[in-house]
Amino acid sequence: MGGMSEELPAYAERVLEAAERIPPGRVMTYGDVAEWLGEGGPRQVGRVMALYGGAVPWWRVVRADGRPLPGSEVRALEHYRTEATPLRLTAGGEARLNMPRARWDGREQSAARDEGHI
């Protein structure tokens with residue numbers, strides 16, 4: 001992403017549009033978004049989300065390990081619980097996303113999830 005202008009860079013617009021398409025209760029990793037767009041990579045998506053993601057459901061674009069975004073854990077967990085996003089507890093008692101159940105592939109229109117979130 002070159003120089004910053006008043007206008008949102010085209011790649012950033014595409015990343016943010018992808019984030020807005022993720023259904024409530026589902027997530028995509030930074031790499032998933034890049035793959036879905038067919039351009040960029042996880043770092044580029046992460047950079048866009050860090051700079052411009054505040055206006056979209058940022059908590060739905062996540063790290064591949066399922067840990068909430070450092071520094072935003074409390075807010076992210078509030079959103080996950082509100083949206084019934086599948087979570088799991090680590091052996092140490094940390095809440096993490098249940099990635100196999102929460103991950104969205106970009107194709108499903110309405111994802112039916114089984115119960116069991118925390």
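In which strand does arginine 96 lie? I shall begin with that residue and then move through the rest of the chain. Arginine 96 belongs to strand β4, which covers residues 95-97. Please bear in mind throughout that this is a predicted model.

Is arginine 96 buried or exposed? Its relative accessibility is 18%, and buried means under 20%, so arginine 96 counts as buried. Leaving out residues up to four places away in sequence, arginine 96 touches Asp65, Gly66 and Arg67, together with Leu87, Arg88 and Thr90.

Let me now set that strand in its context. The chain has five helices and four strands. Read from the N terminus, the order of elements is α-β-α-α-β-α-β-β-α. The chain has 118 residues, of which 43% count as buried. Among contacts with a separation of 6 or more, 61% are between residues 24 or more positions apart.

I turn next to helix α1, residues 10-21. With twelve residues at 1.5 Å a residue, this helix should span 16 Å; the C-alpha atoms at its ends are 17 Å apart, which agrees. Which residues of α1 are buried? They are Tyr11, Ala12, Val15, Leu16, Ala18 and Ala19. These residues cover an arc of only 155° around the axis, and therefore lie on the same side of α1. The elements that they pack against are α2 (30-37), α3 (42-52) and β2 (61-62).

Helix α2 offers the view from the other partner. Its buried residues are Tyr30, Asp32, Val33 and Ala34. The cover over these residues includes α1, β1, α3 and β2. After α2 comes glycine 38, with a positive phi near 75°.

Strand β1, residues 28-29, contains threonine 29. The relative accessible area of threonine 29 is 4%, so this residue is buried. What does its side chain meet? There is a polar contact, at 3.5 Å, between the side chains of threonine 29 and arginine 103. Neighbours within four places in sequence aside, the contacts of threonine 29 are Val61, Val62, Arg63, Ala64, Met99 and Arg103.

Some of you will be interested in internal space. The structure holds one cavity of 30 Å³ or more. The largest cavity contains about 60 Å³ of space. Its lining consists of Tyr30, Trp58, Trp59, Val61, Val62, Arg63, Arg67, Pro68, Leu69, Ala76 and Tyr80. Strand β2 and helix α4 (73-82) each contribute at least two residues to that lining. Several names recur here: Tyr30 is among the buried residues of α2, Arg67 is one of the residues touched by arginine 96, and Val61, Val62 and Arg63 are among the contacts of threonine 29.

My final residue is aspartate 105, in the segment after α5 (99-102). Its relative accessibility is 34%, so aspartate 105 counts as partly exposed. How far apart in sequence and in space are aspartate 105 and aspartate 32? The two are 73 residues apart in sequence, with their C-alpha atoms 7.8 Å apart in space. Not counting residues up to four places away in sequence, aspartate 105 touches Met28 and Trp36. Its side chain also reaches the backbone nitrogen of arginine 107, at 2.8 Å.

To close, I return to the two residues that count as buried and were examined singly: arginine 96, at 18% relative accessibility, and threonine 29, at 4% relative accessible area. Thank you; I am happy to take questions.

Notes. Residues numbered from 1 in each chain as written. Predicted model: local features only at pLDDT ≥ 70, side-chain atom pairs only at ≥ 80, totals over all residues. Heavy atoms only, no water. Expected span 1.5 Å × (residues − 1). Buried < 20%, exposed > 50% of the residue type's maximum accessible area, 1.4 Å probe, protein only. Arc of directions from axis to C-beta. Contact = heavy atoms within 4.5 Å. Polar contact = N/O pair within 3.5 Å; in protein donor to acceptor, adjacent residues only side chain to side chain. 1 Å grid on protein atoms, 1.4 Å probe; cavity = no way out; pocket = protein on both sides within 12 Å on 5 of 7 lines; lining within 4 Å. Points joined across faces, edges and corners; volume = space filled by probe spheres on them.
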